[in-house]
Structure formats: structure tokens, C-alpha cells
Amino acid sequence: MKVIVLSVLVLGFVLLGLEANAQGIGIRAGFQSATTNNNGNQIGGSLDHFYLGAFKNRHLGAGDLLTLHTGLEYMQNGHSTNDDNFRRMIYLSVPVGIRLKLGPVFVQGGVNGNIKLSENYQVNGSDALNDGNKTNTFDLPAHIGLGLKLLIFEIEARYHQGFIDVNNGNKNSYLQIGAAIEF
């Protein structure tokens, strides 16, 4: 697990082209609560975990009113009824969004390209994953968020809603609440 997280961070910094004089680069991490919905009905309970990633902000125009916010994140989606009944998909996510900053407060909206790295599906404690019930490799949720930036520290909340059918009508959604440090 530590190797995956470290690899994601290193890859994030490489892919984001983080040169020494870049605008707004940093790391973000926090709590994530994921659910799976089918036709508006939640499947099982939420799957709670963490997310971790790197980001880069690029100012659009003069000043810092509008910013392009991009990044690379490690996270999990799915649902869980209990320790013996759950579906967990591990994703590498590439969020792209626009931030509007009003003083220390910012609002944000955008999309994420989520690429599935692995999946685990347990029913009554047994592996139930097969070729007929695997989740698609790609997901495309939109997100909206609100945050507060003080000096180099940020706290934020983002809600993500999937638009792509990832498995037999199922769509992912998740709430992230976390913090970031911008260098």
C-alpha cells in the first residue's frame, strides 16, 4: 500500500511537470465516503477510505481570481454492507477543474478521469468477481466543491457524481473532505 501511494505521488509530480518556479503546486489528502447508485437507489452502505494526491494550479488571466486546478490522485470507490460484503475499486484519478477565488474562499467545478487499477468484490466473505460482473476500467464523474485557503494551507470539500454506467446501471458517487498544502 505504501509503495502504491508513494508511486502515485512521484508519478503525479512527474506528470504535472512540477518545475521549481511553478505556480501553486502541492499535495492533498483526506477522508472519502463513496457510494454506488443504480437508478437513484443506493447499493449497500458507504465505503469510507482516504484519498491522496498531488496538484498544480495555473492562474487564468491576471491575478488569482480564476485558476485551472489539475492533479493526480489515489482513491477508492464502491460500497460496503459489512466486512464480508463489499465492492472496492481502486482508482487513479485525474481531476481537472476551474476555481473561482473570492478572498480566502474558493468554489470549484470540473470533471475527473478515473482509471481503475484494481477491484475486489466479496459476497459472504468469498471472492465473487468474475468476467461478467467486473466494473468498467474508466469512470468520468463531475465534481463541485468549496474550500478555504489560509497562507499555504487549504481545507476543502468536494462532491463527485459519476455519469458513466460502470457496471449494469451502477454509477459511482463520493464526497471528499480534506486538506492541502500548496508550495
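A residue counts as buried when its relative accessible area is under 20%. By that cut-off His160 is buried, because its relative accessible area is 0%. The structure described here is a predicted model. His160 is found in strand 9. Leaving out residues up to four places away in sequence, His160 touches Asn112, Pro141, Ala142, His143, Asn172, Ser173, Tyr174 and Gln176.

The chain holds one helix and ten strands. Their order from the N terminus is α-β-β-β-β-β-β-β-β-β-β. The helix thus heads the list, and the strands follow. Of the 183 residues, 42% count as buried. Contacts across the sequence were also counted. Among those between residues at least 6 apart in sequence, 62% join residues at least 24 apart.

Strand pairing was examined next. Strand 2 and strand 3 run antiparallel and are joined by nine bridges. Within this pair, Arg58 has Leu68 of strand 3 as its bridge partner. The two strands form a hairpin, with six residues between them. Gly61 lies in the turn and has a positive phi of about 85°. Strand 3 also pairs with strand 4, again in the antiparallel sense, over 14 bridges. Here Tyr74 is matched with Leu92 in strand 4 as its bridge partner. The hairpin that joins strand 3 to strand 4 passes through two residues. Strand 3 spans residues 66-82 and is mostly covered. Twelve of its 17 residues are buried.

Strand 10 (residues 170-182) has two antiparallel partners described here, strand 1 and strand 9. Strand 1 (residues 25-38) is joined to strand 10 by 13 bridges. Asn38 stands opposite Asn170 in strand 10. Strand 9 (residues 153-162) is joined to strand 10 by nine bridges. In that pairing, the partner of Arg158 is Gln176 of strand 10. Gln176 is also among the residues touched by His160.

The largest pocket has a volume of about 180 Å³. Its lining consists of Gln23, Gly24, Asn57, His59, Asp64, Thr67, Arg99, Lys101, Phe106, Lys149, Glu154 and Glu182. Two elements give two or more residues to this lining, namely strand 2 (41-59) and strand 4 (85-102). By class, the lining has six charged residues, five polar residues and one nonpolar residue.

Two of the lining residues, Asn57 and Glu182, were followed in detail. Asn57 lies in strand 2. Asn57 counts as buried because its relative accessibility is 6%, under the 20% cut-off. Its C-alpha atom is 5.6 Å from that of Leu68, and the two residues are eleven apart in sequence. Neighbours within four places in sequence aside, Asn57 is in contact with Gln23, Gly24, Thr67, Leu68, His69, Arg99, Glu154 and Glu182. Several of these contacts also belong to the pocket lining, among them Gln23, Thr67 and Arg99. Two polar contacts extend from the Asn57 side chain. One reaches the side chain of His69 at 2.5 Å. Another reaches the side chain of Glu182 at 3.5 Å.

Glu182 is placed in strand 10. Glu182 also counts as buried, because its relative accessibility is 12%. Its side chain shares the 3.5 Å polar contact with the side chain of Asn57. With neighbours within four places in sequence left aside, Glu182 is in contact with Gly24, Ile25, Gly26, Phe55, Asn57, Lys149, Ile152 and Glu154. Among these, Gly24, Lys149 and Glu154 line the pocket. Gly24 and Glu154 are likewise in contact with Asn57.

A further site lies in a loop. Thr137 sits between strand 6 (126-127) and strand 7 (138-139). The C-alpha atoms of Thr137 and Ile115 are separated by 5.8 Å, while the two residues are 22 apart along the chain. Beyond its neighbours within four places in sequence, Thr137 is in contact with Tyr91, Asn114, Ile115 and Lys116.

Technical notes. Residues are numbered from 1 along each chain as its sequence is written. This is a predicted model: local features need pLDDT of at least 70, side-chain atom pairs count only at pLDDT 80 or more; totals for chains, interfaces and linings use all residues. Side-chain values use heavy atoms; hydrogens and water are left out. On a 1 Å grid over the protein atoms alone, a cavity is a set of points where a 1.4 Å probe fits but cannot get out, and a pocket is an open set with protein on both sides within 12 Å along at least five of seven lines; lining residues have an atom within 4 Å of a point. Grid points are joined across faces, edges and corners, and a volume is the space filled by probe spheres set on the points. Helices (H or I, at least four residues) and strands (E, at least two) are DSSP runs, numbered from the N terminus. Ala, Val, Leu, Ile, Met, Phe, Trp, Tyr, Cys and Pro count as nonpolar, Asp, Glu, Lys and Arg as charged, and the others, Gly among them, as polar. Two strands pair if DSSP finds at least two bridges between them. Buried means under 20% relative accessible area, exposed over 50%, partly exposed in between (1.4 Å probe, protein chains only). Contact means heavy atoms within 4.5 Å. A polar contact is a pair of N or O atoms within 3.5 Å; within protein, one must be able to donate a hydrogen and the other to accept it, and residues adjacent in sequence count only if both atoms are side-chain atoms.
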